Amino acid sequence: MKLQTIIPLKKQTNNLINYQSKILLLGSCFSDNIGNKLSYFKFQSNQNPFGILFQPKAIEKLIIKAINQESYTNKDLTFNNERWHCFDAHSNLSSNNKNELLDSLNTALDQTKRHLEKATHIIITLGTSWVYRFIETDAIVANCHKIPQKKFLKELLTVDEVSETLDVISTLIKSVNKDISILFTVSPVRHIKDGFVENTRSKSHLIAGIHNIVNPKKNTYYFPSYEILMDELRDYRFYNEDMIHPNKTAINYIWNKFISTWFSEESKVTMQEIETIQKGLTHRPFNENSEQHQKFLRKLTLKKEELLVKHPFISF
C-alpha cells in the first residue's frame, strides 16, 4: 500500500555541489533555511546580503545595482517610525543612523558583486508574485517597512513578467560569471495574508514563469521544494504552529532531497565528519574535568585538525 506520492527527482550529473563550491543564496525566508544548513555543514556559502527578498523584481534590482556598481545615496532612504529604511532591502538592515544604513547597503552591494563573480552556484528562492508599488515614486519595493498600505498599490506579476525578470537576472549573472549554475526554487511558505486563492495564483505564476526560462543546457535549473512539501508532505504535522511555515522535520526532509540530487558523494562523507564534530561541540559533560571528557576533547580536536588539512577554509 502506498501512503505517499513521491516527487521524482533526477540525480544531477554535472556541476555538483562539493566543498570547493562557492554558493550564493538569494530570496525568501526558505533560502535562509537552506543557507543555514549549508553554514552548519561548513560549505562556502553566503545568503541574502540585503536580507530576505520575497519577489523576483526585488532580486532583479539588487543584481542590477550590484553588477553596475550603483551606490545608494540619501535620496534612496526613507524615514519612518524613528528609523531609516531602504525600500530595496529588508528591515533587518534598517538603522537609527542614516550613514550607518548607507554603509550597510553599499557594503552589501559590493559583497553581492564579488559573490556573483566567484560563485559556482546561485540558489534563488522565490516567495510570491505579489508586489507593492510605492505611489509617490511609482517604484516596486522589496519591503514596505510598515508604512501605511494606502501609500502603495498592490499588483500581481503576470507569468510573462516573472519570466522576463528571471531572464534578466540570469543574463546579468552570466555576464559576469558565464560558468555559474543557477538553481531556481519556489518557497513552500504560503502567503496566507494575501488570501488562499491569491496565494495559489501567486505561486502558479512563479512556477510557470520559472519553467519558461530554465534550461539545463544553459546551467539553469529548477528544484521542486514547493512540490515536495505540498505533495510528499501533505500533512499539517510538517508545519509550525502558524500552519504556514514548514517545521524542522519538513526542512530536514527537503534538505535531504536536495543533498541526494545536487551533492557529490565525496561531499556527503565530509558532511558526516562535520556533523560528528558539530555534535561534539554541543556536548555537555557531567564533569568537565574528568579524564574521560578530556580524552573526548582531544579526539575532537584531532578530528578538526584532520578536516582542516583537507579544507583549510573551514572554521568552528
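A polar contact is a pair of N or O atoms within 3.5 Å. One such contact caps the N-terminal end of helix H2, where a side-chain oxygen of Gln55 lies 2.8 Å from the backbone nitrogen of Lys57. The model is predicted, and the description below starts from this helix and moves to the sheets, the cores and two individual residues.

Helix H2 covers residues 56-67. Its 12 residues should span 16 Å at 1.5 Å a residue, and the end C-alpha atoms are 17 Å apart, which agrees. Just after H2, Gln69 takes a positive phi of about 55°. Because 9 of the 12 residues of H2 are buried, the helix is largely enclosed by the rest of the structure. The buried residues are Pro56, Ala58, Ile59, Glu60, Leu62, Ile63, Lys65, Ala66 and Ile67; Glu60 and Lys65 are thus listed among them. These buried residues pack against E1, helix H3 (98-118), strand E5 (121-126), helix H4 (159-176) and helix H5 (196-211).

One of those partners, H4, has 18 residues. From its first C-alpha to its last, H4 reaches 27 Å, close to the 26 Å expected at 1.5 Å a residue. Buried in H4 are Val162, Ser163, Thr165, Leu166, Ile169, Ser170, Leu172 and Ile173. The cover over these residues includes H2, H3 and H5, together with the strands E5, E9 (181-186) and E10 (220-222).

Several of the strands named so far belong to an open sheet. It has 5 strands in the order E2-E1-E5-E9-E10, and the pairing is parallel. Strand E2 (44-47) and E10 are the edge strands, each pairing on one side only. On average, neighbouring strands of this sheet are turned by 20° against each other, direction ignored. E1 and E2 pair over 4 bridges in the parallel sense, and Leu24 stands opposite Asn46 in E2. Helix H1 (residues 29-40) packs on the sheet and touches E1, E2 and E5. The direction of H1 makes about 155° with that of E1.

The helices and strands also meet in a nonpolar core. The largest such core has 45 residues, of which Phe50, Ile63, Leu105, Ile122, Ile124 and Ile173 touch the most other members. At least two residues of this core come from each of E1, H2, strand E4 (83-86), H3, E5, H4, E9 and H5. A second, separate core has 32 residues, including Ile34, Phe43, Met271 and Leu300. Two of the residues with the most contacts in the largest core, Ile63 and Ile173, are also buried residues of H2 and H4, respectively. For Ile122, the contacts beyond four places in sequence are Leu24, Leu26, Leu116, Ile173, Ile180, Ser181, Ile182 and Leu183. Among these, Leu24 is the residue opposite Asn46 in E2.

A further open sheet consists of 3 strands in the order E7-E6-E8, with antiparallel pairing. Strand E7 (139-141) and strand E8 (152-156) are at its edges; each has a single partner strand, so one side of each is left without a neighbour in the sheet. The twist averages 40° from one strand to the next. Strand E6 (residues 130-134) pairs with E8 over 5 bridges in the antiparallel sense, and Trp130 stands opposite Leu156 in E8.

Leu156 appears again around His205, a residue of helix H5. With a cut-off of under 20% relative accessible area for buried residues, His205 counts as buried because its relative accessibility is 17%. Apart from neighbours within four places in sequence, His205 is in contact with Ser129, Leu156, Leu157, Thr158, Val159 and Val162. One of these, Val162, is a buried residue of H4. Lys174 lies 31 residues from His205 along the chain, and their C-alpha atoms are separated by 24 Å.

The last residue to consider is Ser21, in the segment before strand E1 (22-27). Ser21 has a relative accessible area of 3% and is therefore buried. A polar atom of its side chain lies 2.9 Å from the backbone nitrogen of Asn18. Leaving aside neighbours within four places in sequence, Ser21 is in contact with Leu16, Gln44, Thr120 and His121. Of these contacts, Gln44 falls in strand E2 (44-47), and His121 falls in strand E5 (121-126).

Definitions and conventions. Residues numbered from 1 in each chain as written. Predicted model: local features only at pLDDT ≥ 70, side-chain atom pairs only at ≥ 80, totals over all residues. Heavy atoms only, no water. Buried < 20%, exposed > 50% of the residue type's maximum accessible area, 1.4 Å probe, protein only. Polar contact = N/O pair within 3.5 Å; in protein donor to acceptor, adjacent residues only side chain to side chain. Contact = heavy atoms within 4.5 Å. Expected span 1.5 Å × (residues − 1). Pairing = 2+ DSSP bridges. Axes fitted to C-alpha atoms, helices over the stretch in contact; angles between N-to-C directions. Core = buried A, V, L, I, M, F, W, Y, C linked by side-chain atoms within 4.5 Å.
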